[in-house]
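Biologist: I am new to this structure. Please take one part of it and go through it closely, then show me how it fits with the rest.

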Amino acid sequence: MGAAFRKFCLRFCCCCCCEDDEEEEEKTPLLSHDTLEYFDREAKKRRDQETNLWNEPGDPSHSERDDDRTLYNLLQTRAQTRRGSQGYRRLSIDIEAMRDMRREVRDKWKMILENLGFMAEAESLLTVSATASYDRMRNAAVARSLLQTLHTETSIFNRKEAPPERYLFILDRLIYLDAAEDFVAKARRFYPPKDDDDEEEENTIQINLPLLLSRMNQNISGGEEEDDEGETTGPEE
């Protein structure tokens with residue numbers, strides 16, 4: 001409908017044809033269904049990265065590292081377990097224990113970044129998306145060398161395991177900002193390496209914590225577990 005005819009109808013006609021036409025135009029979505037689905041998938045990926053802090057962010061299968069594979073299998077198993085059941089609660093405790101260990105490492109990095117003056121930029125610097133690619137890194141070799149230094153000369157990471165690859169991308173950003181060496185120096189100062197006995201004790205506590213909590217939960221809910229026997233578990237709603 002032309003603009004001139006619409007203006008004529010608005011001035012001389014009593015019908016609502018123009019209004020109906022305008023309402024139809026207003027109801028037409030600006031984005032297609034496929035575009036909205038794409039944005040929704042990307043938002044879920046970001047939430048997944050922020051929640052689970054995958055140590056190998058570029059691995060969509062989460063199977064290349066043992067710790068990522070363990071966490072992913074726990075999440076998959078919980079998704080197929082009836083919500084509220086004893087098994088569901090146990091899995092949730094184990095999942096949160098692994099997430100807490102990863103958040104603790106991230107908090108250490110955030111504290112050092114803020115100490116270096118990156119108060120407003122710390123969150124952005126620590127955000128690594130699932131599309132992270134080694135090909136896009138500017139200083140991959142130097143970043144890997146610094147990551148190994150942090151792994152062996154500080155207590156930021158668990159020295160019994162390989163350092164998380166996600167922090168390789170963060171170090172590459174710090175190298176570009178000419179702040180990587182300062183970060184390593186601060187890390188040495190704030191988180192010096194621990195004695196083998198202290199580290200072994202800490203690792204034992206971290207590994208056994210989910211088991212201890214699960215046993216405690218089992219003892220508290222012993223009677224409830226008997227009620228759950230014989231019920232078929234189904235996927236999470």
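Modeller: Start at D178. This residue comes just after α8 and takes a positive phi of about 60 degrees. Keep in mind that the model is predicted. The chain averages a pLDDT of 79, and 69% of the residues score at least 70.

Now step back into α8 itself. This helix spans residues 166-176. Of its 11 residues, 9 are buried, so α8 is largely enclosed by the rest of the structure. The buried ones are R166, Y167, L168, F169, I170, L171, D172, L174 and I175. Charged residues are on that list too: R166 and D172 are buried. Buried here means under 20% relative accessible area.

What surrounds the helix? Look at the largest nonpolar core, which has 29 residues. α8 gives the most to this core, with 7 residues. Other helices join in. α5 (86-115), α6 (122-126), α7 (140-153) and α9 (180-190) each supply at least two residues of the core. Nonpolar side chains tend to be buried together in soluble globular proteins. Among the residues with the most contacts inside the core are L171 and L174, both buried in α8. W109, L113, L150, I156 and F157 are also in that group.

Take F157 as a guide. Leaving aside residues up to four places away in sequence, F157 touches V105, W109, L147, L150, H151, P163, P164 and Y167. One of these, Y167, is a buried residue of α8. V105 and W109 fall within α5, while L147, L150 and H151 fall within α7. A second, separate core has 7 residues, including W54, L74, L75 and M98.

Just before α8 comes E165. The side chains of E165 and R144 meet in a salt bridge, 3.0 Å from N to O. E165 lies in the loop between α7 and α8, and R144 in helix α7, so the pair ties together parts that are 21 residues apart in sequence. The two ends differ in setting. E165 counts as buried because its relative accessibility is 12%. R144, at 40%, counts as partly exposed.

Side chains of opposite charge can pair when their charged atoms come close. The whole structure holds 10 salt bridges. E123 pairs with K110, with the closest N and O atoms 2.8 Å apart. That pair links distant parts of the chain, since E123 sits in α6 and K110 in α5, 13 residues apart. Both ends are partly exposed: E123 at 37% relative accessibility, K110 at 24%.

Another salt bridge joins R103 and E96, at 3.2 Å from N to O. R103 is partly exposed at 29%, and E96 is partly exposed at 31%. This pair belongs to a wider set. Salt bridges that share partners connect E96, R99, D100 and R103 into one network.

Finally, a caution about confidence. Residues 204-210 have pLDDT below 50, and this stretch has 5 contacts in the model beyond near neighbours in sequence. Residues 222-237 are also below 50, with 24 such contacts.

So return to α8 with the whole picture. The helix is largely enclosed by the rest of the structure, gives 7 residues to the largest core, and is followed by D178 with its positive phi.

Notes
Residues numbered from 1 in each chain as written. Predicted model: local features only at pLDDT ≥ 70, side-chain atom pairs only at ≥ 80, totals over all residues. Heavy atoms only, no water. Core = buried A, V, L, I, M, F, W, Y, C linked by side-chain atoms within 4.5 Å. Buried < 20%, exposed > 50% of the residue type's maximum accessible area, 1.4 Å probe, protein only. Helix = DSSP H or I, 4+ residues; strand = E, 2+ residues; numbered from the N terminus. Contact = heavy atoms within 4.5 Å. Salt bridge = Lys/Arg side-chain N within 4 Å of Asp/Glu carboxyl O. pLDDT = per-residue confidence, 0-100.
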